[in-house]
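Trainee: Could you take me through one part of this model closely? I would like to see chain B in detail, with its surroundings.

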Amino acid sequence: MTDNGNKINNKSTEEKQEFDSSRRRFVKNTGMIIGGVAGGSVLGGLLTNQFQSDTETTDGKKEPAPATEARMFFTRYEDFVVLEQATERIYPEDDNGPGAIGLGVPYFIDKQLAGKWGVNAKDYRQGPFLESDPTADMSSLTRGEIFILGLRKINEESQSRFDTTFAKIEAEQQDEILANFASGDVDMKGIGSNRFFDLLRTATLEGAYSDPMYGGNRNIEGWKMKEFPGAVASYADIIDEEEFVKMDPVSLTNYQQKS
Amino acid sequence: MAEKLDRVDVVIVGSGWAGGIAAAELSKKGYDVVCLERGKDHSTEDFIGAKDELKYSRRIEMFQDLSKETLTIRNEMDEVATPHRSNETNPINGTDTGGSGVHWNGQIYRWLPTDFEIRSKTIEKYGEDMIPEEMIMQDWGITYDEIEPYYDKFEETIGVSGEQDPLRPEMSRPFPNPPLKETATTRLFKKTTKEMGYHPYHMASANVSEQYENPDGETINACVYCAFCEQYGCDFGAKADPIVTVLATARRHDNFELRNNSYVVRILHENSRATGVRYVDTQTGLEYDQPADLVVVGGFTFTNTRLLLLSEIGKPYDPVANTGVIGKNITTHSPNLTHLRVRGFFDNKKFNRYAGSGALGATMDDFNLEQLDHTELDFLHGFLIRSTQLGTRPITHNHVPEGTPTWGQEFKDKSLFYTHRNLDIQQQNGVLPWRYNYMDLDPTYKDAFGDPLLRVTSKFHDQDRNIVRYAHQRGKDILEKMGADHITVPEITDETEFDHTSLGDHTAGGVIMGDNPETSAVNNYSQMWDMENLFVVGASAFPHNSSSNPTNTVGALTYRATEGMIEYLENDGGLLIEPETERSKS
Ligand SMILES: Cc1cc2nc3c(=O)[nH]c(=O)nc-3n(C[C@H](O)[C@H](O)[C@H](O)COP(=O)(O)OP(=O)(O)OC[C@H]3O[C@@H](n4cnc5c(N)ncnc54)[C@H](O)[C@@H]3O)c2cc1C
Ligand code: SF4
């Protein structure tokens, strides 16, 4: 379990670094002139694919990414990379097992934002929005807008403090920026940075521990770490046990009725 | 223009416990009954395989669609209220067939004899000076002995599984089913508290311990402790809910119809008589008038209050002039005060916290209203204490000892380590009403149909904070004795205030009962003093909130109300009770 988690995560960190150099190479070789904006937009997607088919990891093998792992909500790869790095700092890989990236949390969040949650469909949205210091739920911004604003602000902070993007700074530097967001010390438009951070933190835990059908908790690794058995029909036989009973977790895929 | 439908004998607003009990009792008597429910139809079939924490506990699937209607909230009369925008901040109201009764926990308590005569008893024991200024505590116009048979009736309907509380009055007969099973945590709680000289017992439950057939012939299955209970529908038909009990009973009768997606917007009336209700079919947007001889409103505290205000029935409460009744005495068990929990972390003990059921736990009344001498205390009423085993799901439960960061490696490590190594002690205190805590219509915000939202004005008082602080210390004592290595006691400062996380499914008041029309809206049959053929049922009738969960009392008062409704229909009307005339309030 831990081994697997380490592998997934190491791979993606290395991929990221190699991607940056391969992007530069690609741009040079094709002789394309790109402005600052192109790296994160149309060309970015193209480059990602090119990179993914070309690059080998250190052990020479490549695990295919699940076909459900493509971005629905985040149009800019740049934003998504910040999301990956930030969620990984909130829920890092360690001896217990995989971190947010290894669990698929960033794709989980992407899928959530692409659906009704991202546009606050079940919420009361009529103005005026008069709350001072609104929480994410009370904000005039949708959850999708808050994520975009917040992730870009993280990158801006990184640029202004360390002269480079959030993905390229050291873990301690990433933590320093995130801690400033968490304490509300970064100025953001329309919402306190702490409110954005609360949303990000909660969404990270949701991704780590929700049923794998939502795209996070990959291979039920989140539940394994948490010793949560998942969708179990009955605990009638163990409920009165004095000692802890460990169980292999079951996801809804193996619980719900199927034809 | 609303289309006028054919007249029926009775129209009921809401299909929760309150509406459902009325539906069953009136259908059994042969009356033509239509029950209007704003939410969708669903049944036990929809709950099979619903073990999905993200959907039900985080996205709050089973609660009211706030895009259509919500509440606005403020602390004081000179402030502008802001809307409660998302269930994810705080889920408040149920919706859909069966209402909150489908996704409730099923924790069952009767209220205390003193609750029903709280003002008289407080004055008798301590003198009137003991009641703080602005606390508008009042008697209910009914006694415990009068309500006892109706408690019994509701308990039989839902197959309560439990045992006699050693500190409450002897019940006229035992609960219909034995208590749920013991767990390592209930055993530890009972052993510890007994050693401390207290009187623990197994919490009574509507998660039924053995397969059971209720007096109406409905079967409730045995609970399997599946741990997806609170906020979930039961996929085993083992939690007593309105769908498997009272609504099933009503549906056996052709003279009963449940109409879903029917949003009631007005109670119609002429010459002080209700003539029916107006509703919107939310699937077509068309408006209908449903005429009826008797109107029952069971849409929960907020809807009950709001429909009366929108329909201009009864006199709206004015806290400044201290006149009127509709909207007064709002009280609740606030998640950010009453329901804060003391938590103990055990470095060397591991419990099966993932398993459980909505109402599994041990509880005690040693600090409840009738056990305390308030002379030396800085609060009135009392509290229960309990330790529950509901099943801790992984997104919601990531508790760590004080001083641990809330994110990052240490957080991850400790939250994993303590997942099954923590226990909480919950207190639940009685909440008494204050003069400037009330409900009226909001001047700014509207619902999807263009009607004003309900506005809640409410503040915590010192008494509200003091009782919780005191109770938390008692919880801490118990956890220390249990051997917890780290204990977290929630901080309650003088700034801890009523806010958008303070309302809940235990909110009461707005259309309160009593024996005097000047200080109450309904009599003890839940019949409106100002409109004899209108019955408003549910926790809206409670003049205050006791220390235990409300639904047994909702059920009991509704059974009593249905007797009144039947008497009213059989005898062609009239008030069922003579009103007291003098203003009983000081
Ligand atoms: C998660 C949760 C756990 C709980 N646990 C417990 C517990 O352990 N013990 C306990 O005693 N209590 C508990 N409760 C509280 C309990 O559920 C309520 O006391 C009880 O359900 C109230 O019943 P009711 O019929 O008055 O209201 P509801 O159940 O709220 O039913 C009202 C119905 O009316 C409908 N309605 C409202 N407005 C309109 C309108 N304008 N037009 C048409 N229909 C309308 C609603 O959609 C709803 O279906 C819990 C509640 C929740 C949410
Ligand atoms: S814990 Fe029991 S009553 Fe609750 S949902 Fe599971 S089986 Fe039903």
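Mentor: Happy to; what follows goes from the whole of chain B to single residues, and then to its partner chain and a ligand. Please keep in mind that this is a predicted model.

Let us begin with the overall build. Chain B contains eleven helices and 23 strands. Its C-alpha trace spans about 70 × 55 × 50 Å along the principal axes. For 586 residues, a compact globule would have a radius of gyration near 25 Å, and the 23 Å of chain B agrees with that. Of the 586 residues in chain B, 68% are buried. Among contacts in chain B with a separation of 6 or more, 77% join residues 24 or more positions apart. On the outside, chain B exposes about 19400 Å², and carbon and sulfur atoms supply 44% of that area.

Now for some individual positions, starting with G298(B). This glycine sits in the loop between β14 (287-297) and α8 (300-310) of chain B. Is G298(B) buried or exposed? Its relative accessible area is 10%, which is under the 20% cut-off, so G298(B) counts as buried. Beyond its neighbours within four places in sequence, G298(B) is in contact with V13(B), G14(B), A18(B), G19(B), N304(B) and V537(B). By contrast, I131(B) lies 167 residues from G298(B) along the chain, and 32 Å separate their C-alpha atoms.

T553(B) takes us to a helix, α11 (residues 551-570) of chain B. With a relative accessible area of 0%, T553(B) is buried. Leaving out neighbours within four places in sequence, the contacts of T553(B) are W111(B), W140(B), I147(B), Y151(B) and F542(B).

K414(B) belongs to another helix of chain B, α9 (residues 409-417). Here the relative accessible area is 28%, so K414(B) is partly exposed. Not counting residues up to four places away in sequence, K414(B) touches V400(B) and T404(B). The C-alpha atoms of K414(B) and T404(B) are 7.9 Å apart, with the two positions ten residues apart in sequence numbering.

The backbone deserves a look as well. Most residues other than glycine have a negative phi, and most peptide bonds are trans. Against that background, D96(B) has a positive phi, near 70°. D96(B) is in the loop between β5 (82-83) and β6 (107-108) of chain B, and at 6% relative accessibility it counts as buried. N329(B) also has a positive phi, near 60°. The place of N329(B) is the loop between α8 and β15 (341-345) of chain B, and its relative accessibility of 0% makes it buried. Over in chain A, the peptide bond from G127(A) to P128(A) is cis, with omega near 0°. P128(A) is found in the loop between α5 and α6 of chain A.

That brings us to the meeting of the two chains. The size of an interface is often given as the accessible area lost when the parts come together. Chain B and chain A bury about 5300 Å² between them, with 55% of it on carbon and sulfur atoms. R85(B), Y354(B) and W407(B) supply 17% of the area that chain B buries against chain A, more than any other three residues. In terms of contacts, 68 residues of chain B meet 66 residues of chain A.

One element of chain A is worth following here, helix α5 (residues 105-114). Nine of its ten residues are buried, so α5(A) is largely enclosed by the rest of the structure. Among the buried ones are Y107(A), F108(A), D110(A) and K111(A). What do the buried residues of α5(A) pack against? Within chain A, they pack against α3 (77-90), α4 (100-103), α6 (143-162) and α8 (193-209). Chain B takes part too, through α2 (53-58).

Finally, let us look at ligand 2. It is surrounded by 14 residues, of which the closest are C223(B), C226(B), C229(B), C234(B) and S357(B). By class, this shell has ten nonpolar, three polar and one charged residues.

Key. Residues are numbered from 1 along each chain as its sequence is written. Chains are lettered from A and ligands numbered from 1 in the order in which they are written. This is a predicted model: local features need pLDDT of at least 70, side-chain atom pairs count only at pLDDT 80 or more; totals for chains, interfaces and linings use all residues. Side-chain values use heavy atoms; hydrogens and water are left out. Helices (H or I, at least four residues) and strands (E, at least two) are DSSP runs, numbered from the N terminus. Buried means under 20% relative accessible area, exposed over 50%, partly exposed in between (1.4 Å probe, protein chains only). Contact means heavy atoms within 4.5 Å. A residue is near a molecule or strand if one of its heavy atoms lies within 4 Å of it. Ala, Val, Leu, Ile, Met, Phe, Trp, Tyr, Cys and Pro count as nonpolar, Asp, Glu, Lys and Arg as charged, and the others, Gly among them, as polar. The radius of gyration is taken over C-alpha atoms; the globule rule is 2.2 Å times the number of residues to the power 0.38. Accessible areas come from the Shrake-Rupley method with a 1.4 Å probe; for residues, only the protein chains shown count as cover. Buried area is the accessible area (1.4 Å probe) that two parts lose on being put together, summed over both.
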